[in-house]
Amino acid sequence: MKMEKASLFIICFLCVIVFCNGIETPQFTVIHTESDFEVRLYRDSSWMSAPVREMSFEKATKLGFHRLYQYIRGANLNSSELPMTAPVLTSINPKTRESEYIVRLFQYIQGANLNNSRILMTSPVLTSIVPGAGPLHSSAYFVRFYLPLKFQKNPPLPLPELKLQPDAWASHCIAVRKFSGFARDHNVIKEAEKLGVSLSRTKWANSTSSESNYAYSIAQYSPPFQFKRRVNEVWVDLDGSKAEGCHYNSLAAY
């Protein structure tokens, strides 16, 4: 019986994650473009969030989406079914030990050392997990579902056992880097680092939001059975008070 349920969930997961064809997505305006990233100004938006205590990005995304899928299929106090949206967004909590170490290493190679020397990036970034010292005492990831426009102002309340929480985002700027292939444990950190290096070389270097609750987020648009032309993005919040153009207007929204 458990195998049947697991198989059914996998089939549902494959069927509902598609790349924006007729699917609602958060609205934004592109305000700056570079060769390897762009800056978008996103409108106010509402999401449903699944906190997940996991070490693995991949496993956290699957576990979080499983709970969100139950919610959109009617596991809410209104028994309402919600249409699928995109992207599936997995945010990495910087308050966990792993993310804290990555940020500190990045600051070091960018010049936070006694010689004020910038150090060339090398690979791999090696993370050793010490039993009992990991981020399991707090939610390492937050997997998010963008609420359809119909439910933005008044989303159905999730059933308590799903342990979901509504998440209201104020309009703000996000630096976005696209990457292809599958989003895996071994490559999402590298892609986030590439975006960090790119930002450090532009006028946006000092605009990374210090008030953001998340170190970075991975947005996935493509279905798992799509092997070519997959679309993923790394999102990093920017501080609107320091970033030119990060004030919402209604023009040219996508």
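Reader: What percentage of the residues in the chain is buried?

Author: Of the 254 residues in the chain, 49% are buried. Keep in mind as we go that this is a predicted model. The accessible surface of the chain comes to about 14400 Å², and carbon and sulfur atoms own 55% of that surface.

Reader: Since it is predicted, where is confidence lowest and where is it highest in the chain?

Author: Here is the general idea. Where pLDDT is low, the predicted coordinates should not be read in detail. In this chain, confidence is lowest in helix H1 (residues 2-16), with a mean of 43, and highest in S2, with 96. The pLDDT is below 50 over residues 2-20, a stretch that has 31 contacts in the model beyond near neighbours in sequence. Another such stretch is residues 123-138, where pLDDT stays under 50 and the model has 17 contacts beyond four places in sequence. For the chain, the mean pLDDT is 78, and 67% of the residues reach 70 or more.

Reader: Let's turn to the layout. How many helices and strands does the chain have?

Author: The chain has four helices and nine strands. Read from the N terminus, their order is α-β-β-β-α-β-α-β-β-β-α-β-β. To see how the chain folds back on itself, look at the contacts with a separation of 6 or more: 80% of these are between residues 24 or more positions apart.

Reader: Can we take one helix, H2? What span does H2 reach from its first C-alpha to its last?

Author: Helix H2 covers residues 57-72, which is 16 residues, and reaches 22 Å, close to the 22 Å expected at 1.5 Å a residue. At its start, a side-chain oxygen of Ser56 comes to within 3.3 Å of the backbone nitrogen of Glu58. After H2 comes Gly74, with a positive phi near 120°.

Reader: Which residues are buried in H2?

Author: The buried residues of H2 include Phe57, Ala60, Thr61, Gly64, Phe65 and Leu68. A general point helps when you read such a list. An α-helix has 3.6 residues a turn, so residues three or four places apart point the same way.

Reader: Leu68 makes me curious about its neighbours. Which residues does Ser49 touch?

Author: Leaving aside residues up to four places away in sequence, Ser49 touches Leu68, Phe142, Val143, Arg144, Lys163, Leu164, Gln165 and Asp167. Ser49 sits in strand S3 (residues 45-52). Because its relative accessibility is 0%, Ser49 counts as buried.

Reader: Now a strand residue for comparison. Is Ile31 buried or partly exposed?

Author: Ile31 is partly exposed, because its relative accessible area is 30%. Ile31 belongs to strand S1 (residues 28-33). Sequence and space tell separate stories here: Ile31 and Cys246 are 215 residues apart in sequence, and their C-alpha atoms are 8.0 Å apart in space.

Reader: How many salt bridges does the structure hold?

Author: The structure holds nine salt bridges. To read one, find the charged side chains and check how far apart their N and O atoms are. In the bridge between Glu38 and Arg40, the closest N and O atoms are 2.6 Å apart. Arg40 also meets Glu233 in a salt bridge, at 2.7 Å from N to O. That second pair links distant parts of the chain, with Glu233 in strand S9 (residues 232-238) and Arg40 in strand S2 (residues 38-42), 193 residues apart.

Reader: Are these partners buried or exposed?

Author: Glu38 counts as buried because its relative accessibility is 18%. Arg40 is buried at 3%, and Glu233 is buried at 1%. Glu38, Arg40 and Glu233 are linked with Lys178 in a network of salt bridges.

Reader: What about a pair within one helix: how far apart are the closest N and O atoms of Lys194 and Glu191?

Author: The closest N and O atoms of the Lys194–Glu191 salt bridge are 3.7 Å apart. Both residues lie in helix H4 (residues 185-200), and because they are three residues apart, about one helical turn separates them. Lys194 is partly exposed, with a relative accessible area of 41%, whereas Glu191 is buried, at 11%.

How values were computed. Residues numbered from 1 in each chain as written. Heavy atoms only, no water. Helix = DSSP H or I, 4+ residues; strand = E, 2+ residues; numbered from the N terminus. Expected span 1.5 Å × (residues − 1). Buried < 20%, exposed > 50% of the residue type's maximum accessible area, 1.4 Å probe, protein only. Polar contact = N/O pair within 3.5 Å; in protein donor to acceptor, adjacent residues only side chain to side chain. Contact = heavy atoms within 4.5 Å. Salt bridge = Lys/Arg side-chain N within 4 Å of Asp/Glu carboxyl O. pLDDT = per-residue confidence, 0-100. Areas by Shrake-Rupley, 256 points an atom, 1.4 Å probe, with all protein chains shown as cover.
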